[in-house]
Amino acid sequence: MHRIVVDAMGGDHAPEEIVHGAAEASLALTSAEIILVGDAAELGRLLPRMRHDGARVRVHHAPTFVEMDEKPAEALAAKPESSIAVAADLVARGEGDALVSAGNTGASVLACARRWTLLQGVRRAALAAVYPTELRRGEKDDPFSLILDVGATIDASADDLVGFAVMGSAYAKLVSQNRRPRVALLSNGTEPGKGPASVVAAHAALVETTELNFIGNIEGLDIPRGVADVVVTSGFVGNVVLKMLEGVSETVVRLARYAHKERLAWRLGLIALSSAIDQLKMITDWQQYGGAPLLGFTHPFIKAHGRSNAHAVTNAIKVAHKALAGNLCGNIARTMAELDERASRRPRTADGSESGAP
Amino acid sequence: MLGRLGRMATLPSRLGQRIGLFDHVPEGLPAGSSPPRHTFRWDLDKTYLRTEFDSIGDLVRSAIETAADKQAYPGATALLRALRQDDHRICIVSGSPTQMRQVLAAKLALDGVDYDEFVLKNNLKNLLRGRFRSLRAQIPYKLPAMLQSRIGAAAEHETLFGDDAEADAIIYCLYADLVAERVSLQDLERVLIASRAYDDDALRILDLARRVPKHDAVNRLFIHLDRRSAPVGFRHYGPRLVPVFNYFQAALVLYGDHVLSARQVIFVALEMIDSGQFEVGHLATSVQDVIRRGRITRELALQLAAEAHEAARSGALSGRNDLPPFEQIAESFRERVRELGPTEPYQFESTAPLDYVRLVDQEHEHRRTRRRRGAH
């Protein structure tokens, strides 16, 4: 039985939508137990209003919670019994197997980083995000590509980027049912020598790997095209890219609304396209995807969107369950160990660095 | 010789009952015997037996299943056996057709469930008489069956078990309020009109209601949440009606009611674990759920953990090497209680007397909605 801990108080629509999503998940996932962490009295009032399985959803009391706009470090220091801290603690103590939260991203990542241990061979955890692309992938025709890191840390060394590639590939294999995800490094040119030193060195190392389907470097414009299934970059760049992509999407929607108001002919055109737009919206709906993972720790953490409704929360819980059932963390650790072993067999230069890596 | 002749004389009646031509009238208590202390009334489909009625295919499958194919819900058999002890009376009233008596009786025999009454619905008779409304009707069928049964053997206490698929909650509460004289015959007549009972059926039910021994006997009604309905949907029926997700929860409440001992609760739990559908963690979570819903107190849960521990020490779990040490199980129960923190126990609001006519109308509307959506 997989025990999935859910921060019931995190998110714009918490706790109602979170509890509702967890209740739905308890009906869909018969091999899982869901542990809702939050105000027990409030959660106890909400649960009986929803269809659920009372033998598979339990409540763990946490008296406080971190608000969405609070500063993560300060909030966690001031509220050691906040729902996200208690939830991360439960997993750290082995009383849960995975964590799902739609709450404050910084506080969630920090709570996990402070309590959980990294997988052997992983130097840094990475927060991944999904982005809808033109090309689809995997057995499920998944329209989302994975970008990591999008902000768990600022900078990343070549080894960190290789680690991110391994983690992203393992996740895409499992969640998108993509047997051989195409992994690429984000750079300012497709040539191997383009980009900062860490990217060039990571390129050299990834070319050597046989475990990954590394396709080389891609540029920013290749992300929405879907050239790669897993886009690897540092947290700083990833965060900027993600925010920019989101900004562009929002602007397009605003422009469409403007067009709808402005001229009758444009309005008619949009109405004619409405079913196609609806279909596009359905395909690219982040609520279908559920959440994005924090990868690299010994337990999966799925960060659901702050605006998550019940459906998105259910899907995030299902993703966490899939990560546990497919032994995501074990697969990452195994690939990292294989890479480490190969690296240890590689001849070393006089200064001790591996030959082939700058 | 006389015995053989007697058996032969009852043959047409038994054959008639088997094919559904005659009604099976439950036998009351033998003359001179004292009334039972406690009667437990059980529905069968979706309450004791896992039955799917959602499609025609399900109905056909259910009709042709053998006794060995039929599945009881985990814990239900152990609970029924536990309730049967101390000469308590077990009465089964099911909406299944009388033609299924043989296979259902065989299933109960296979499970080792002993019962005093077993009433099934004579839909062949309804069909032959052109009474199509009666085919689906619940209140005009179950209510008189229960009243008739109580007239035959009036217990001091009664506990009823039904499910969330049909009108069980309404029928059981109506029955409880009728025998407690909280519902007048005039009100019952209005309910029967709302439930579209045929006139002669309504007259018969009113007569039974007049004759039934009156006493506030129904202490507890359990609704098995087979459809996983939201428990809050049953709140207006008051604290006597307990929606349960599984039979361990029912056993916990009955332990609180002093009907079952800790040892009997353990046997229900063991049967659920043996089914492979429940682990110790699920049972512990089920305990927490009934505490959160105010159905048992934390103190009672802790008392059960302590008593069950004692029972285990005395050998109730001997030979169960497949289970974790009982101290560990008891600790997981205590842990679930602690997890709730310092929350106040749930307080039931006082509920208004039930408006059965409105409830029946609502139930009909729900049924129509479900039919429109293509489900039964």
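Domain bounds here come from an automatic or database domain assignment. With that in mind, welcome to a predicted model, in which local features need pLDDT of at least 70, side-chain atom pairs count only at pLDDT 80 or more, and totals for chains, interfaces and linings use all residues. Residues are numbered from 1 along each chain as its sequence is written, while chains are lettered from A and ligands numbered from 1 in the order in which they are written.

## Confidence and overall make-up

For the complex, the predictor gives an ipTM of 0.85 and a pTM of 0.86. Chain B has a mean pLDDT (the predictor's confidence in each residue, from 0 to 100) of 86, and 89% of its residues reach 70 or more.

Chain B holds 17 helices and six strands; helices (H or I, at least four residues) and strands (E, at least two) are DSSP runs, numbered from the N terminus. Of its 376 residues, 41% count as buried. A residue is buried if 20 or more other C-beta atoms lie within 10 Å of its own, exposed if 12 or fewer, and partly exposed in between, with C-beta atoms placed from the backbone. Two residues are in contact if their C-beta atoms, placed from the backbone, lie within 7 Å. Among the contacts in chain B with a separation of 6 or more, 77% are between residues 24 or more positions apart.

## Domains

The assignment gives two domains in chain B and two in chain A, as laid out here.

| Chain | Domain 1 | Domain 2 | Separation of C-alpha centres |
|---|---|---|---|
| Chain B | residues 35–243 | residues 252–339 | 28 Å |
| Chain A | residues 1–117 + 297–326 | residues 130–260 + 328–358 | 28 Å |

In chain B, 10 residues of domain 1 are in contact with 13 residues of domain 2. On the domain 1 side, helix H4 (76–84) and strand E5 (218–224) of chain B are the elements that give two or more residues, and H4(B) gives the most, with four residues. That side divides into six nonpolar, three polar and one charged residue. For these classes, Ala, Val, Leu, Ile, Met, Phe, Trp, Tyr, Cys and Pro count as nonpolar, Asp, Glu, Lys and Arg as charged, and the others, Gly among them, as polar.

In chain A, eight residues of domain 1 are in contact with five residues of domain 2. Helix H13 (residues 310–325) of chain A supplies the largest share of the domain 1 side, three residues. By class, this side of domain 1 of chain A has four nonpolar, three polar and one charged residue.

## The sheet of chain B

Chain B has an open sheet of six strands in the order E3-E2-E1-E4-E5-E6, with parallel pairing. Strand E3 (117–121) and strand E6 (241–244) of chain B stand at the edges with a single partner strand each, so one side of each has no neighbour in the sheet. From one strand to the next, the twist averages 15 degrees.

Two strands pair if DSSP finds at least two bridges between them. Strand E1 (residues 38–42) and strand E4 (residues 157–163) of chain B run parallel and are joined by five bridges; His38(B) stands opposite His157(B) in E4(B).

Helix H9 (residues 168–179) of chain B lies across E4, E5 and E6 of chain B, at about 175 degrees to E5(B). Axes are lines fitted to C-alpha atoms, for helices over the stretch in contact, and angles run from 0 to 180 degrees between N-to-C directions.

## Covered elements

Helix H12 (residues 247–256) of chain B is mostly covered, with eight of its 10 residues buried. Among them are Tyr247(B), Phe248(B), Leu254(B) and Tyr255(B). Just after H12(B), His258(B) takes a positive phi of about 65 degrees.

In chain A, strand E3 (residues 57–61) is largely enclosed by the rest of the structure, because five of its five residues are buried. Val57(A), Val59(A) and His61(A) point one way from E3(A), and Arg58(A) and His60(A) point the other way. Strand E2 (residues 32–38) of chain A pairs with E3(A) in the parallel sense over five bridges, and Ile34(A) has Val57(A) as its bridge partner in E3(A).

## Where the chains meet

The contact takes 24 residues from chain B and 19 residues from chain A. On the chain B side, helix H14 (280–292) and helix H16 (326–339) are the elements that give two or more residues. H14(B) gives the most, with seven residues. This side of chain B has seven nonpolar, nine polar and eight charged residues.
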